[in-house]
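Good morning, and thank you for making time for this presentation. Please look at the model on the screen while I go through it.

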Amino acid sequence: MIGKVCMVTGATAGLGLATALGLARLGATLILVGRDLEKGAAAVERVCAETGSASIEYMPADLSAQAEIRCLAREFKARYPRLDVLINNAGGFFHRRQESANGIEMTWALNV
């Protein structure tokens, strides 16, 4: 994975964080995506510490909001020439009906 640019959504915990750790160990350049700045900073710190990689960046985005997705895409395109691997790990299931900022049912907005 050396020389590959990889983005992992939902990368601050669980499977997303484990995936990020694995990709970093393989030498990938990583962009971790999540909603919480503190959790994002902690995830970057952990991945760097456990793998020795310095090619890790956090880009915050609430993936249920279309404006934040577009902002993430613009920011990524401004910093990187390409994306080799996208791991769409972020997701959720909401027991009660909720709507995103765009008026879309939240499970659909986040997972699709």
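Arg 82 is partly exposed, with a relative accessible area of 38%. In this predicted model, Arg 82 forms a salt bridge with Asp 84, and the closest N and O atoms of the two are 3.0 Å apart. Asp 84 is partly exposed as well, at a relative accessible area of 31%. As general background, side chains of opposite charge can pair when their charged atoms come close.

How many salt bridges does the structure hold? The number is six. Let me turn to another of them, between the side chains of Glu 57 and Arg 79, where the N to O distance is 1.7 Å. This pair links distant parts of the chain, as Glu 57 lies in strand β3, residues 56-60, and Arg 79 lies in helix α3, residues 66-79, with their positions 22 residues apart in the numbering. Is Glu 57 buried or exposed? Glu 57 counts as buried, because its relative accessibility is 17% and the limit for buried is under 20%. Arg 79, in contrast, is partly exposed, with a relative accessible area of 46%.

A further salt bridge joins the side chains of Arg 25 and Glu 50, at 3.6 Å from N to O. Here too, distant parts of the chain are linked: Arg 25 belongs to helix α1, residues 14-25, while Glu 50 belongs to helix α2, residues 37-51, and the two are 25 residues apart. Arg 25 counts as exposed, because its relative accessibility is 52% and exposed means over 50%. Glu 50 is partly exposed, at 40% relative accessible area. Arg 25 and Glu 50 also take part in a network of salt bridges that includes Arg 46.

I now move from the charged pairs to the strands. Strand β1 covers residues 5-9. Five of the five residues of β1 are buried, so this strand is largely enclosed by the rest of the structure. Both of its faces are covered: Val 5, Met 7 and Thr 9 lie on one side, Cys 6 and Val 8 on the other, and all are buried.

Which strands pair with β1? One is β2, which runs parallel to β1 and is joined to it by five bridges. Within this pairing, Cys 6 has Leu 30 as its bridge partner, and Val 8 stands opposite Leu 32. The other is strand β4, residues 85-87, which pairs with β1 in the parallel sense over three bridges. There, Met 7 has Leu 86 as its bridge partner.

Strand β2 itself spans residues 29-34 and is mostly covered, with five of its six residues buried. β2 and β3 also run parallel, and five bridges join them. One example is Val 33, whose bridge partner in β3 is Met 59. The chain passes from β2 through α2 to β3, and this β-α-β crossover is right-handed. A right-handed β-α-β unit is also made by β1, α1 and β2.

What lies in the interior is my last topic. The largest nonpolar core has 16 residues, of which Leu 23, Leu 30, Leu 32, Val 47 and Ile 56 touch the most other members. β1, α1, β2, α2 and β3 each contribute at least two residues to this core. Which element supplies the largest share? That element is α1, with five residues.

Leu 30 deserves a separate word. Beyond its neighbours within four places in sequence, Leu 30 is in contact with residues including Cys 6, Val 8, Leu 23, Val 47, Ile 56 and Glu 57. Glu 57 is thus a residue we have met already, as the salt-bridge partner of Arg 79. Finally, there is a second, separate core of eleven residues, among them Met 7, Met 59, Leu 63 and Tyr 80. Met 7 and Met 59 also appeared in the strand pairings, Met 7 as the partner of Leu 86 and Met 59 as the partner of Val 33.

Definitions and conventions: Residues are numbered from 1 along each chain as its sequence is written. This is a predicted model: local features need pLDDT of at least 70, side-chain atom pairs count only at pLDDT 80 or more; totals for chains, interfaces and linings use all residues. Side-chain values use heavy atoms; hydrogens and water are left out. A salt bridge is a side-chain nitrogen of Lys or Arg within 4 Å of a carboxyl oxygen of Asp or Glu. Helices (H or I, at least four residues) and strands (E, at least two) are DSSP runs, numbered from the N terminus. Buried means under 20% relative accessible area, exposed over 50%, partly exposed in between (1.4 Å probe, protein chains only). Two strands pair if DSSP finds at least two bridges between them. A crossover is right-handed if, with the strands pointing away from the viewer, the path from the first strand over the helix to the second runs clockwise. A nonpolar core is a set of buried Ala, Val, Leu, Ile, Met, Phe, Trp, Tyr and Cys residues joined through side-chain atoms within 4.5 Å. Contact means heavy atoms within 4.5 Å.
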